[in-house]
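Visitor: I'm new here, and I'd like to know what lies behind the labels people use. Could you walk me through them?

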Amino acid sequence: MPTRYAHIIGWGMSVPQQILTNEDLSRMVDTSDEWIQSMTGIRERHIVGPRESTATLAVEAGVQALITAGVPARKLDLIIVATSLPEFLMPSTACLVQDQIGASNAAAFDLLAACSGFPYALSVASQMIASGAYSNALVIGSETMSRLIDWSDRSTCVLFGDGAGAVVLQANEKPGGLLSFALHADGSGGDLLMIPAGGSRMPASLETIEDNKHAIVMNGRGVYRFATRVIVAGIREVLEKAGLALNDIRLIVPHQANRRIIESAAKDLELPMDRFVVNIDRYGNTSTASIPIALCEALSEGRILPGDNIVLVAFGAGLTWAASVIKWVSPAPKKRRQIPLTDRIFTRARSYARRTRRNIEGIIWGKNE
Ligand code: UT7
């Protein structure tokens with residue numbers, strides 16, 4: 001048992017304003033609202049505009065999490081951004097976030113575990129805090145899945161959406177935060193869900209673009225079978241590691257890939273659906289962002305209270321899967337303070353960063369200095 005714990009003391013989310021409905025999609029490809037809703041549970045998803053990106057969403061979610069936590073950016077020791085589509089191949093998106101929010105003392109790196117990225121990153125940051133190395137960490141899941149999609153492929157384009165979610169972790173001597181975790185991989189299933197080109201094997205070329213090799217290719221049935229198996233196994237494993245039973249868990253926050261996958265897990269675990277957070281209807285599959293977005297919504301709805309145990313569980317490309325048990329410690333702020341993030345224009349990042357920083361410092365100055 002660690003003598004230091006990593007409490008989640010802040011949380012935030014950001015989704016683009018633009019919404020793409022199933023009706024919209026049915027005018028783009030041969031699909032229907034009826035098929036999408038009955039096969040996946042999705043009604044609509046948020047899609048980035050031309051001047052939004054993985055980094056802009058990550059900054060907004062990160063800033064909201066810092067405000068909820070009351071932690072100034074300069075006190076951060078660590079930023080991890082879990083993402084399937086970083087802003088650039090390099091530098092990391094975490095470094096862009098670090099610069100924009102003014103976290104001048106933070107180490108920063110990206111973590112790639114596809115849709116399992118958030119619980120992976122949360123476990124890494126929590127362990128670094130538990131070891132005594134760091135005291136304050138910002139963990140973000142941010143995605144622009146709409147930029148990885150072949151919009152003429154009906155089998156994938158209806159599934160995904162864009163968004164970001166973030167949490168702030170802080171060292172504390174009192175038990176709480178991450179109680180147990182499980183991180184897994186099975187690389188033999190890598191071809192079930194992948195993006196063939198743009199990496200070392202197949203660098204971008206006219207040919208890769210003409211052959212449409214930069215979009216997600218998925219064996220949906222294969223991933224579905226894998227997901228329904230590991231989601232249940234992952235939950236059982238982390239409960240056993242934490243010495244807890246299902247009855248000790250208030251809420252399960254699963255990766256939002258398909259409502260039917262969550263229903264299958266509920267059936268196998270003999271739990272009612274209201275013990276799971278499900279918001280896939282409004283966001284689609286936002287990969288690494290789906291769990292922190294669902295967490296934020298559950299908190300704002302009062303579904304998680306201090307003292308509750310919750311389970312996070314995810315699965316995705318790699319193949320990877322991950323789960324964690326968290327003892328919730330922080331009360332939700334009575335009135336959520338919003339900062340006016342009016343300018344989302346990433347090309348004006350420096351002035352944006354200055355304003356954002358001034359806002360954070362201004363709002364929380366009285367609380368922390
Ligand atoms: O984060 C992890 C990432 N991914 C996942 O978790 C995805 C996991 N997989 C799934 O959720 C499901 O496999 C899907 C929802 C993607 C698909 O469901 P399925 O039961 O595996 O359907 P299928 O791919 O076998 O397709 C069934 C039928 C096919 O038609 P035929 O061959 O039976 O005539 C497809 O062509 O549905 C057709 N179809 C569609 N029809 C209308 C596939 N996509 C669509 C569509 N609209 N968008």
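Guide: Happy to, and keep in mind that this is a predicted model. Let's begin with the ligand: one of its oxygen atoms is 2.9 Å from an N or O atom in the side chain of Asn285.

Visitor: What makes that a polar contact?

Guide: The cut-off for two N or O atoms is 3.5 Å, and the pair at Asn285 is 2.9 Å apart, so it counts as a polar contact. Arg154 has a polar side-chain atom 2.8 Å from a ligand oxygen, and Thr31 has one 2.6 Å from a ligand nitrogen. As for cover, the protein buries 73% of the 960 Å² that the ligand exposes when taken alone.

Visitor: Which residues come nearest to the ligand?

Guide: There are 23 residues around the ligand, and Thr31, Arg154, His255, Asn258 and Asn285 come nearest. By class, this shell has 12 nonpolar, 7 polar and 4 charged residues. Helix 8 gives the most, with 4 residues.

Visitor: Why are Asp281 and Arg43 called a salt bridge?

Guide: The rule asks for a side-chain nitrogen of Lys or Arg within 4 Å of a carboxyl oxygen of Asp or Glu. Here the N to O distance is 3.2 Å, so the pair qualifies. Asp281 sits in helix 10 and Arg43 in the loop between helix 2 and strand 3, so the bridge ties together parts that are 238 residues apart in sequence.

Visitor: How many salt bridges are found in the whole structure?

Guide: The search finds 8.

Methods. Residues numbered from 1 in each chain as written. Predicted model: local features only at pLDDT ≥ 70, side-chain atom pairs only at ≥ 80, totals over all residues. Heavy atoms only, no water. Near = heavy atom within 4 Å. Polar contact = N/O pair within 3.5 Å; in protein donor to acceptor, adjacent residues only side chain to side chain. Areas by Shrake-Rupley, 256 points an atom, 1.4 Å probe, with all protein chains shown as cover. Helix = DSSP H or I, 4+ residues; strand = E, 2+ residues; numbered from the N terminus. Nonpolar A, V, L, I, M, F, W, Y, C, P; charged D, E, K, R; others polar.
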